[in-house]
Amino acid sequence: MKSEARVVVIGGGVVGCSVLYHLTKLGWSDVMLIERSELTSGSTWHAAGGFHTINGDTNMAALQGYTIRLYKELEQITGMSCGLHHVGGITLADTPERLDMLKSERAKHRYMGLETEVLSPSEIREMAELVNVEGVLGGLYDPLDGHLDPSGTTHAYAKAARLGGAEIVTQCRVLETNARADGGWDVVTESGTVRAEHLVNAAGLWAREVAAMAGLYLPLLPMAHQYLVTDDIPEIYERGAEFPHVMDPGGESYLRQEGRGLCIGFYEQKCEPWAEDGTPWDFGHELLNDEFEKIEDSVAFAYRRFPVLERAGVKRVIHGPFTFAPDGNPLMGPVPGLRNYWAACAVMAGFSQGGGVGLSLAQWMVEGEPERDIFAMDVARFGRWTTPGYTTPKVIENYQRRFSVTYPNEELPAARQFRTTPMYDVFDSMGAVWGAAYGLEVPNYFALEGEPRFETPSFRRSNAWEATRAEVRAVRTGVGINEVHNFGKFRVTGPEARAWLDRIMAGRVPAPGRLALSPMLSPRGRLLGDFTISCLGEEEFHLTASYAAQEAHRRWFDLHGQPGARVENISDALTGFQIAGPKAKEVLVTAVAPGQADAAGAMRFLDVARLTVGMTDCLVQRVSYTGDLGYEIYCRPEAQRALWTALWRAGEEAGMRTFGMRAMMSLRLDRFFGSWLREYSPDYTAAETGLDRFIAFGKDAEFIGRAAAESQRERSPDRVLQAFEVAAADADVFGYEPLWIDGVVRGFCTSGGYTHWSGMSVALAFVPRERVVDGLEAEVEILGERRAARLMASPPFDPEGLRLRA
């Protein structure tokens, strides 16, 4: 075993071997993998080996498609067999809601190039004759679905990595991981110490233990999972072709052919976490004891859906653990706060996602950024606030919901009221219907009198409609108030603060007392953030951006830090309120301390000032995401209740009303304002989204991404973001619906909804640049129906921005 390597990957399962292979594929050969036992020990060896492309996140679906296509490449490179069975798969729908979800997924697949198809019950029966289609409304067929040999595939990854120069060391347990002053790591093993520039935690069942060696907590937990393999079944082995995969979400099961019989697994409600206190180091080649009682309800349902099972004997039971993150997605990427420490764990669907995880991580390490937005897998999507007490109930919830319908407006109940602001009880007493963002409770809307305190999950317009409409009208006709706690916030100070911002941000850094909007770019010109920069003094700045992206942004700031510029994440150290609407100025002037009314009234659009509101010293910014006259008012959390009292009293005469995120999302569509991870994400450039208008190409600073942004400006993008009025029925655009032009899919929607003030359904969508013209006729596919759409060149509310700047 060598004593130095550019990269050490810990863990020899399918994910670790995939990472190792992809590093060599991208040109890094001085890489090694260390495994405590043998390759595949842990979860890999007992996996069912299925793979599929369906995923609610389009980028993850694309990476799953890459993973599946990769297997034939591995076979060609290595001469080894992955045991591929491309038999296709059908996901059944036994409720209208589940059918809506499948139609929505099919629509996304149109522009992704995935050839899926919605089937009728009779077509399902024709394709999979052993399925009892009673009660089935339809299904989604994917020809790429199939299964493979887990061990053979993992060893193919390993051989391909070795051919690229990688070293693999087995029977060698890692004992310590110690950070070095130069940013590298000393990996202490049973066989000696390896000095590594980069460390990858791909330890699977032992990822928590390996993370703890570096003082890190990763939010993941193993769950015990059980599947059965039947004896030989004549209806299977006498069949002319291999039986397709069948996913039966209503029965919480997946089924496929295994040899001359069938294999069926369950995501049962009576599920069990495993090894909550830590995975034993000597575990790995064992299975857990059979527990038929926890799957008896699922088995009974399966007998009805697949009657042939009731006549088949059980050949063997496979009951073993594998890991989940709280939302079921992998944890991958550079870990914030630890230099050159990378995560590649909690990949519960390793043979669907392992190739994509390996590719994305290798691109990030070798090239500096992955080729697509992988925030849904980014370890930074969970902040330092996660605990085992949060992780456990969320993982259990996710396991139980593995085959549940996922609604765009749904808020899940596990591990709630964990993080709240001082306003929680006040807003709760006012009828708040709560959502969660980055673990923090956020009012989605305020239920009207007599309404339930619960939003019905739906792909269509929900019971939040009337309450949201009332809140929108209150803002547009008077004044509304909501919290600004769910903004990410940073303080930048020091003699080099301005120079650092000029390098990090592509936009203009404002003068004292002013604020500016700025994109933050990657070296390739991709969007990493959409920021407001406020200058409080020559050596003090305030930044606001996405609350959920704060750890990802902090990681980027740390990576590009410089002496003389101090950056602090104050996202939870600063809170406050937004007031917006034509009477917002009146409220602020009334609420400020004596002698400050003139200063408050004189604030221009994009001004920033320190004012005392009631008794509370505040930072006030003249800007509003509602697209209306408005102010963001920030204070310390301990003073938030006093600030609330002052603003609420001042707003009584103006009829001030609370509003939530549902209203905010409706209001921003009146002005075609984009949203982070919808219109603005690392998938897109500033030129494509229109944010290039905020890039300061004339400033004397070599900001990150400048060369790429200038190149994009010169050649013009192939697609641009535009707004459409949609002739919707009872369902609006949520995101990723295909856009049809002249009978062909030419674009896709990023987000949309109903604008209660303008009274129309709006979609924001990417369109081929050469087709952009005011009034362009198109169609948007919503839940399987094409709805007429018309391009709008100007927003329906305040197109000149007169209210915003009033």
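**Notebook: cavities, a pocket and a few residues**

I began inside the protein, where β20 (440-446) and β21 (480-483) each supply at least two residues to the lining of the largest cavity. A reminder to myself before going on: this is a predicted model.

**Entry 1. The largest cavity**

I looked up the volume of this cavity and got about 70 Å³. Its lining has 13 residues, and the closest to the centre are P443, N482, E483, F659 and G660. I then sorted the lining by class and found 7 nonpolar, 5 polar and 1 charged. How many cavities of 30 Å³ or more are there by this rule? The count comes to 2, so I went on to the other one. **Entry 2. The second largest cavity**

About 30 Å³ of space lies in this one. I listed the lining of the second largest cavity as A686, A687, D692, I695, F697, A709, Q712 and R713. By class that lining holds 5 nonpolar, 1 polar and 2 charged residues. Two helices, α19 and α20 (706-715), each supply at least two residues of it. Which element gives the most to this lining? I found that α20 does, with 3 residues.

**Entry 3. T685**

I next looked up T685, which sits in the loop between α18 (661-670) and α19 (686-689). Is T685 buried or exposed? T685 counts as buried because its relative accessibility is 6%, and the cut-off for buried is under 20%. Setting aside residues up to four places away in sequence, T685 touches G525, R526, L527 and Q712. Two of those names turn up elsewhere in my notes: Q712 is in the lining of the second largest cavity, and G525 belongs to the hairpin in the next entry.

**Entry 4. The β23 and β24 hairpin**

I followed G525 to the hairpin of β23 and β24, which has 5 residues between the strands. G525 takes a positive phi there, near 85°. The two strands, β23 (515-521) and β24 (527-537), pair in the antiparallel sense over 7 bridges. What stands opposite M520? I found G529, in β24. I also checked how covered β23 is, and 6 of its 7 residues are buried. A general point to keep beside this: in a regular strand the side chains alternate between the two faces of the sheet.

**Entry 5. Helix α13**

Helix α13 spans residues 497-504, and I noted its buried residues as A497, W500, L501, D502 and I504. For the spacing of such a list, I keep in mind that an α-helix has 3.6 residues a turn, so residues three or four places apart point the same way. What do the buried residues of α13 pack against? The partners are β22 (487-493), β23, β24, β25 (540-546), α14 (550-559) and β26 (566-569). Both strands of the hairpin above are among them.

**Entry 6. The second largest pocket**

From α14 I moved to the second largest pocket, which holds about 890 Å³ of space. Of the 34 residues that line it, P334, W364, R555, W556 and L559 are the closest to its centre. The elements that give two or more residues to this lining are β18 (341-345), α9 (350-367) and α14. The largest share comes from α14, with 6 residues. Sorted by class, the lining of the second largest pocket has 21 nonpolar, 6 polar and 7 charged residues.

**Entry 7. E252**

I looked up E252 and found it in the loop between β13 (245-248) and β14 (253-258). E252 counts as buried because its relative accessibility is 18%, with the cut-off at under 20%. Which residues is E252 in contact with, leaving aside its neighbours within four places in sequence? They are G265, F266, Y267, E268, Q269, S298 and F403. I also checked E252 against F659, one of the residues closest to the centre of the largest cavity. From C-alpha to C-alpha, E252 and F659 are 38 Å apart in space, and they are 407 residues apart in sequence.

**Entry 8. Cysteines**

Last, I looked for disulfides, and the structure holds 0. C17 is in none, and the nearest cysteine sulfur, that of C82, is 12 Å away. C17 is at 0% relative accessibility and therefore counts as buried. For C635, also in no disulfide, the nearest cysteine sulfur is that of C618, 5.3 Å away. A disulfide needs the two sulfur atoms within 2.5 Å. With a relative accessible area of 1%, C635 is buried.

Notes:
Residues are numbered from 1 along each chain as its sequence is written. This is a predicted model: local features need pLDDT of at least 70, side-chain atom pairs count only at pLDDT 80 or more; totals for chains, interfaces and linings use all residues. Side-chain values use heavy atoms; hydrogens and water are left out. Buried means under 20% relative accessible area, exposed over 50%, partly exposed in between (1.4 Å probe, protein chains only). Helices (H or I, at least four residues) and strands (E, at least two) are DSSP runs, numbered from the N terminus. Contact means heavy atoms within 4.5 Å. On a 1 Å grid over the protein atoms alone, a cavity is a set of points where a 1.4 Å probe fits but cannot get out, and a pocket is an open set with protein on both sides within 12 Å along at least five of seven lines; lining residues have an atom within 4 Å of a point. Grid points are joined across faces, edges and corners, and a volume is the space filled by probe spheres set on the points. Ala, Val, Leu, Ile, Met, Phe, Trp, Tyr, Cys and Pro count as nonpolar, Asp, Glu, Lys and Arg as charged, and the others, Gly among them, as polar. Two strands pair if DSSP finds at least two bridges between them.
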